[in-house]
Amino acid sequence: MTSLLKIMDVEKNVDTLHLGPIHLTIEPGTITTMVGANGAGKSTLFKLIMNLVKRDTGSIQLLDIETNGSDESWKQHITYQAQTVIGWEPFTGTKLKDFISSLYPHWNEALFQKIVDLLQIPLDERFAKLSQGNQQKLQLALALPRNTPLLLLDEPTSFLDIPAKQKLMNLLVEWMEQGDRAIFMTSHQSADIMKLSDYIVVLRNGKLMNKFEKESLIHRHRRYWISEQLPEEGIPGEIGRSTRYLVSNAPEQTESFLQQEQITWTQQESLDLEEILTQLIERR
Amino acid sequence: MQKWKQAWQIAKLELSVSTKKIAFGCLIILGFFPYAISYFQHYLENSVIIYDLFFILFFILGINVGNPNYWHSKQANVHSLLMMQLPLPIKQEIFIKSRFIIHFCFSFPVQIAFLIIFYVASPIAQLLSIPAYIAFAIIWLSVNLYIGTLTPINEVYPANWLFTAAMTFILLFIFLFILSVSHLIFDYGVVELSIIIAENWPVLSSVVSLIIGFTAVKAHQLYMKQIMNKRDYF
């Protein structure tokens with residue numbers, strides 16, 4: 001399958017953060033969520049993709065077009081929704097819609113109207129006068145109908161209320177069903193990730209740790225409740241422990257070791273996604 | 001021309017919400033009109049440098065002093081419309097042209113209005129015939145083309161208001177130096193010199209001014225592109 005987005009060996013120095021080397025591909029039909037602590041470089045990576053921030057080394061290609069080259073046609077194929085939008089403040093939703101829709105040949109007016117009705121977005125008020133939640137709703141209403149193959153969403157639900165979040169997730173799922181598209185997003189909301197993501201990318205201090213398939217990530221993180229004393233040395237797969245339990249990201253190896261050492265566990269369970277993400281983000 | 005038309009479509013968005021900015025800028029500039037007209041005779045007799053300075057600044061900036069976009073967005077340390085439009089599928093060349101159009105909309109109309117009023121209300125009509133005055137007008141409108149078009153470049157600089165203020169003071173100092181040299185060497189100020197040039201060589205002065213002006217507009221667009229391709233927009 002041809003990748004929509006190819007990021008190859010990209011590096012960038014920003015103040016004290018060294019981002020990269022990043023090597024990542026985004027395939028059509030997938031939703032990938034990038035997670036990481038604040039300041040890990042998530043928003044910077046999005047800005048590197050959009051060529052708003054210039055890379056020091058490496059290559060970023062959208063549909064095989066280098067994003068820092070003279071061919072600017074790649075911008076027709078990507079929608080970027082920043083965490084904080086700048087410059088929209090003086091305009092009403094209607095004016096923004098007229099302007100943005102004129103730039104995208106595949107603009108879906110019916111979808112725009114549907115989102116506006118569903119999320120009850122006031123279009124006649126200036127963007128600056130809208131609440132943060134309504135600003136975010138308007139941004140989304142102006143992002144999805146562009147119908148570009150790739151959608152970059154930086155914290156798309158951070159200001160949304162619970163019903164709006166649910167509606168948005170349904171809209172994103174519907175949007176994905178309409179063709180060979182992909183979403184690459186950042187989020188701190190584990191519920192969003194749980195519902196939407198196919199893949200999870202972990203960024204830690206500017207380094208891309210891995211790209212995980214969500215289901216296998218959940219499947220391979222397990223907690224074992226143990227009543228006996230655990231050996232002090234590390235146990236295969238161990239990524240955390242307390243006096244009463246052991247957390248592993250390699251259950252087969254862990255179980256085999258425990259059986260070999262004749263240590264029995266009283267119960268085992270999957271970790272919830274939030275715990276797994278915490279482990280991945282904070283692991284030293 | 002097609003590219004300028006596309007750029008106009010982009011510029012229209014900002015112009016549609018610029019009524020207050022234009023009104024504010026006009027209000028500031030209105031103070032300049034009576035001064036420029038009533039002191040003209042005094043200037044001719046005494047060659048006052050400050051009169052030259054006001055003239056130059058007016059033909060560089062127009063009413064851009066009333067346009068907050070002349071200053072950078074505090075939030076992004078960059079022109080805010082730039083941050084809005086850069087991720088959109090607008091070609092860089094079209095975007096740059098649109099910034100120039102915004103500058104021209106904030107300068108040429110008021111400058112042309114001033115030149116018309118100046119001819120009618122000041123004693124300059126006694127010094128210059130209509131063709132010579134047209135040459136005088138072209139000389140001064142060209143100043144906007146070759147110096148004024150540095151204003152949109154300011155929008156993409158990695159700068160804040162302190163940088164802009166510092167640059168403004170440096171430019172003022174340079175202008176004052178040039179004006180002083182002009183007064184010392186020729187015994188005339190630049191406005192007087194432009195009157196003499198327009199009177200004696202109306203066609204040549206117009207053609208040369210326009211060539212320099214249009215070349216500068218082209219060069220400044222390329223320079224703006226270079227800056228945009230180098231800097232980061234966080």
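Two strands are taken to pair if DSSP finds at least two bridges between them. With that in hand, the predicted model can be read from chain A outwards, and a good place to begin is a single pair of facing residues: A:Lys12 stands opposite A:Leu19, which belongs to β2(A). The strands concerned, β1(A) (residues 5-14) and β2(A), run antiparallel to one another and are joined over seven bridges.

This pairing is part of a wider arrangement in chain A, an open sheet of four strands in the order β2-β1-β4-β5, with antiparallel pairing. Because β2 (17-26) and β5 (65-66) of chain A each have a single partner strand, they form the edges, and one side of each is left without a neighbour in the sheet. Helix α1 of chain A, spanning residues 42-49, packs on the sheet and touches β1, β2 and β4 (57-62) of chain A. The direction of this helix makes about 120 degrees with that of β1(A).

Chain B, to which the description now turns, contains 13 helices and zero strands. Its radius of gyration is 18 Å, close to the 17 Å that the globule rule gives for 234 residues, so chain B is as compact as a globular protein of that length. Along the principal axes, the C-alpha trace of chain B spans about 55 × 35 × 35 Å.

The interior of chain B can be described in similar terms. Of its 234 residues, 38% count as buried. Among the contacts in chain B with a separation of 6 or more, 86% come from residues 24 or more positions apart.

Note on methods: Residues are numbered from 1 along each chain as its sequence is written. Chains are lettered from A and ligands numbered from 1 in the order in which they are written. This is a predicted model: local features need pLDDT of at least 70, side-chain atom pairs count only at pLDDT 80 or more; totals for chains, interfaces and linings use all residues. Helices (H or I, at least four residues) and strands (E, at least two) are DSSP runs, numbered from the N terminus. Two residues are in contact if their C-beta atoms, placed from the backbone, lie within 7 Å. Axes are lines fitted to C-alpha atoms, for helices over the stretch in contact, and angles run from 0 to 180 degrees between N-to-C directions. The radius of gyration is taken over C-alpha atoms; the globule rule is 2.2 Å times the number of residues to the power 0.38. A residue is buried if 20 or more other C-beta atoms lie within 10 Å of its own, exposed if 12 or fewer, and partly exposed in between; C-beta atoms are placed from the backbone.
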